[in-house]
Amino acid sequence: MGRAAVRLIIFVLLFLTAPVWATPGDSAPAQSGVREGTTEVDRPRVLPSQPSEPAPAVSALPSSVADAPRIGAGVLHLPPLPAGFNSFDGHWLRFVYHPSSRERVQPLIAQADAVRHELTERLGFPVLSEVRVEIARTPGEMATFAPSGAPYPDYAAGVAYAEIGLVLLSLTPVHTGTEQDLGEVFRHELAHVALHDALNGQPVPRWFNEGFAVLASGETSFVRMKTLMMATVGGSLIPLRDIERSFPSDETKALVAYAEAVDVVRFLVRREDVHRFRALIAELRSGKAFDQAVLDAYGVELSTLELEWRDDASRRYSIWPLLLSGTFFWVIALGVFVWAWRRKKRRDKLTLQRWTREEAVEDMQRARLALRSEAARVHIVLATGAEIPMGQLPPPMSEIEVPRVEHDGQWHTLH
């Protein structure tokens with residue numbers, strides 16, 4: 001009873017805290033130390049003047065997501081380096097940061113090669129041949145780093161301009177009082193650029209682009225997991241075709257759309273389907289439409305694959321309503337109480353048994369000591385003679401009784 005309760009509690013705790021989005025081998029391997037490269041202080045670089053032209057309209061390509069906007073080949077240009085900022089040249093990756101931000105940038109430099117390797121393995125093609133990462137101190141400063149004429153999401157802590165290999169990051173969260181994992185944002189934006197490189201710029205649905213970036217970054221979110229669970233149990237999942245070009249404007253539906261995007265991509269890159277996912281990237285890279293590429297890579301139509309994912313989600317989330325119900329927690333609490341009571345009772349019983357054994361040993365030792373003391377005892381008995389009157393001589397020695405000694409139950413005369 002006790003062991004079963006403990007195992008149930010441990011299983012529930014692990015199940016509640018385990019990342020839902022990650023699959024084995026998803027996280028990038030940790031890399032200690034700092035990559036080789038050169039650091040230098042850059043002066044402002046003036047680019048050749050560009051002919052004045054109106055700001056281009058935002059492309060409606062399906063693969064354009066908020067933090068990875070697309071404008072069109074040949075329109076965007078790398079902006080000049082910010083004045084007074086340092087740069088670290090790591091061959092394929094160049095970091096640009098303020099000298100005061102050096103300690104925050106070092107972990108990103110250390111993990112950059114590992115992230116690049118992991119993205120290359122996922123996608124099956126060499127990616128990230130040349131990337132510049134500019135790290136601002138505040139979101140406002142990051143906005144000034146954006147290329148001219150490019151849309152910029154003012155609510156994002158990072159943005160990737162994949163067409164020109166530019167990633168912008170902010171050290172300070174957009175909303176005051178919120179926490180931000182700079183490493184996750186860094187990996188997220190690199191994933192957008194890597195997917196663009198692997199596809200040679202071919203468009204893909206928004207849910208696929210965003211879902212891949214979230215999955216590759218290792219981001220976890222209990223809110224997203226709970227949203228997907230409620231939508232699965234409540235039957236309110238959104239068909240993928242409805243979020244192919246854009247996410248819903250309604251906040252609740254948008255949360256469901258983001259949660260679906262991540263989980264569908266997780267379903268596509270499962271360990272047993274890694275080779276199929278790479279085949280999908282190859283088909284998309286060749287210019288095939290997304291539906292046809294899915295059919296060629298996975299052997300089923302996208303609609304069938306979506307039904308398989310829904311079945312998989314139903315199996316994984318069917319137990320969650322029970323786990324999140326108040327009755328379940330009362331049952332767990334009762335089980336913990338019973339287990340603790342039985343454990344205390346068993347411990348008290350063992351303590352009493354130990355005391356009984358110790359007392360028996362002490363009694364036996366006392367009995368042995370008593371026997372040894374009795375055996376070693378010697379009694380000397382002296383006969384008390386009659387009182388001798390004054391003036392008379394004592395009787396001869398032969399008439400005086402000789403003392404006797406008792407030893408081992410026998411009497412002996414002393415000579």
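Tutor: A quick definition before we start: a residue counts as buried when its relative accessible area is under 20%, and as exposed when that area is over 50%. Keep in mind, too, that this is a predicted model.

Student: Okay, let's try that out. Is Met225 buried or exposed?

Tutor: Met225 belongs to helix 6, which covers residues 222-234. Its relative accessible area is 5%. The cut-off for burial is under 20%, so Met225 is buried.

Student: How far apart are the C-alpha atoms of Met225 and Tyr317?

Tutor: Along the chain, 92 residues separate Met225 and Tyr317. In space, the distance between their C-alpha atoms is 9.5 Å.

Student: Now Gln111. Which residue's side chain does Gln111 join in a polar contact?

Tutor: Gln111 sits in helix 2, residues 102-123. With 18% relative accessibility, Gln111 counts as buried. Its side chain makes a polar contact of 3.0 Å, and the partner is Arg187.

Student: On to charges. How many salt bridges does the structure hold?

Tutor: Side chains of opposite charge can pair when their charged atoms come close. Counting such salt bridges through this structure gives 18.

Student: Let's pick one. Which residue forms a salt bridge with Arg266?

Tutor: Look in helix 7, residues 251-268, where the two partners lie three residues apart, so about one helical turn separates them. Arg266 itself is buried at 7% relative accessible area, and its partner is buried at 0%. The closest N and O atoms are 3.1 Å apart, and the partner is Asp263.

Student: Why are Arg315 and Asp312 separated by about one helical turn?

Tutor: An α-helix has 3.6 residues a turn, so residues three or four places apart point the same way. Arg315 and Asp312 both lie in helix 10, residues 302-317. They are about one turn apart because their spacing in that helix is three residues.

Student: And of that pair, which one is buried?

Tutor: Arg315 and Asp312 form a salt bridge with closest N and O atoms 3.8 Å apart. Arg315 has 60% relative accessibility, so it counts as exposed. At a relative accessible area of 11%, the buried partner is Asp312.

Student: Which residues are linked with Asp263 and Arg266 in a network of salt bridges?

Tutor: We've already met the salt bridge between Arg266 and Asp263, and the one between Arg315 and Asp312. Both pairs belong to one network, which takes in another arginine as well. The residues linked with Asp263 and Arg266 are Asp312, Arg315 and Arg316.

Student: What about helix 12? Which residue meets Glu358 in a salt bridge?

Tutor: The two partners are four residues apart in helix 12, residues 326-375, so they are separated by about one helical turn. Glu358 is partly exposed at 39%, and its partner is partly exposed at 37%. The N to O distance is 3.4 Å, and the partner is Arg354.

Student: Last stop, helix 9. Why do its buried residues line one face of the helix?

Tutor: Helix 9 spans residues 290-298, and its buried residues are Phe290, Ala293, Val294, Ala297 and Tyr298. Viewed down the helix axis, they line one face because they fall within an arc of 100 degrees.

Student: Which helices are among those covering the buried residues of helix 9?

Tutor: The residues being covered include Phe290 and Tyr298. What covers them includes helix 5 (206-217), helix 7, helix 8 (274-285) and helix 10.

Technical notes:
Residues numbered from 1 in each chain as written. Predicted model: local features only at pLDDT ≥ 70, side-chain atom pairs only at ≥ 80, totals over all residues. Heavy atoms only, no water. Helix = DSSP H or I, 4+ residues; strand = E, 2+ residues; numbered from the N terminus. Buried < 20%, exposed > 50% of the residue type's maximum accessible area, 1.4 Å probe, protein only. Polar contact = N/O pair within 3.5 Å; in protein donor to acceptor, adjacent residues only side chain to side chain. Salt bridge = Lys/Arg side-chain N within 4 Å of Asp/Glu carboxyl O. Arc of directions from axis to C-beta. Contact = heavy atoms within 4.5 Å.
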